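Got your viewer open? Keep the selection box handy and follow along.

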Amino acid sequence: MRLFSKNKKNLEINNVQKHGTFRLSDMKPKESAVVEAVCGTGAIRRRIIDMGITPGVKIEVVKLAPLGDPLEIKLRGYQLSIRKSEACEIYLSNRNRDVR
């Protein structure tokens, strides 16, 4: 049995999932949580971070499009729409998850 993955992305995802986290794409409107990790690679990860989605930031899902893609989220005092494929790369902590 191998304890460590050679693939850095898989190792990061495995570490994040062990700590009771979930993906941004799994959230419903009016829920909020705190970013724990951004697990994308290359240009996608850089784009997500450049939009201000970094560990420690509180995110609230404002609304979903009728077919579920894109999501409108609120963070750092502004609203942002992101694709569901990008939201799957963002892991959030359930410690601050609340439903209003």
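Here is a tour that goes from the whole chain to single side chains.

Before you click, bear in mind that this is a predicted model, where local features need pLDDT of at least 70, side-chain atom pairs count only at pLDDT 80 or more, and totals for chains, interfaces and linings use all residues. Residues are numbered from 1 along each chain as its sequence is written, and side-chain values use heavy atoms, with hydrogens and water left out.

**Whole chain**

Start with the cartoon view. You should find three helices and six strands, in the order α-β-β-α-β-β-β-α-β; helices (H or I, at least four residues) and strands (E, at least two) are DSSP runs numbered from the N terminus. Switch on the surface: it comes to about 6,300 Å², with 51% belonging to carbon and sulfur atoms (Shrake-Rupley method, 1.4 Å probe; for residues, only the protein chains shown count as cover). Of the 100 residues, 38% are buried; buried means under 20% relative accessible area, exposed over 50%, and partly exposed in between (1.4 Å probe, protein chains only). Take the contacts (heavy atoms within 4.5 Å) between residues at least 6 apart in sequence: 64% of them join residues at least 24 apart.

**Strand β4 and its partners**

Now select residues 71-75. This is β4, and four of its five residues are buried, so the strand is largely enclosed by the rest of the structure. Add 58-64 to see β3, which runs antiparallel to β4 and is joined to it by four bridges (strands pair if DSSP finds at least two bridges between them). Leu-64 has Leu-71 as its bridge partner there. In the hairpin, with six residues between the strands, look for Gly-68 and its positive phi near 90 degrees.

Next, add 78-82. That is β5, antiparallel to β4 and joined to it by five bridges, with Ile-73 partnered to Leu-80. Two residues lie between the strands of this hairpin, where Arg-76 takes a positive phi near 50 degrees.

**Into the core**

Which residues touch the most other members of the largest nonpolar core? Select Leu-24, Ile-53, Ile-59, Ile-73, Ile-82, Ile-90 and Leu-92, out of 20 residues in that core. β2 (31-38), β3, β4, β5 and β6 (90-99) are the elements that give two or more residues to this core. (A nonpolar core is a set of buried Ala, Val, Leu, Ile, Met, Phe, Trp, Tyr and Cys residues joined through side-chain atoms within 4.5 Å.) Zoom in on Ile-90: beyond neighbours within four places in sequence, its contacts include Phe-22, Leu-24, Val-35, Ile-48, Ile-53 and Ile-82.

**Salt bridges**

Show the charged side chains and you can hunt for four salt bridges, each a side-chain nitrogen of Lys or Arg within 4 Å of a carboxyl oxygen of Asp or Glu. Lys-63 and Glu-72 meet at 3.7 Å, N to O; Lys-63 is partly exposed at 48%, while Glu-72 is buried at 15%. Arg-83 and Glu-86 meet at 3.3 Å, N to O, and Glu-86 is buried at 7%. Shared partners link Arg-47, Arg-83 and Glu-86 into one network of salt bridges.

Then go to helix α2 (residues 42-50), where Asp-50 and Arg-46 are four residues apart, about one helical turn. Their closest N and O atoms are 3.4 Å apart. Asp-50 is exposed at 56%, and Arg-46 is partly exposed at 47%.

**Last stop**

Finish at Gly-20, in the loop between α1 (8-17) and β1 (21-23). Gly-20 is partly exposed at 32%. Draw a C-alpha to C-alpha distance to Ser-93: 6.8 Å in space, 73 residues in sequence.
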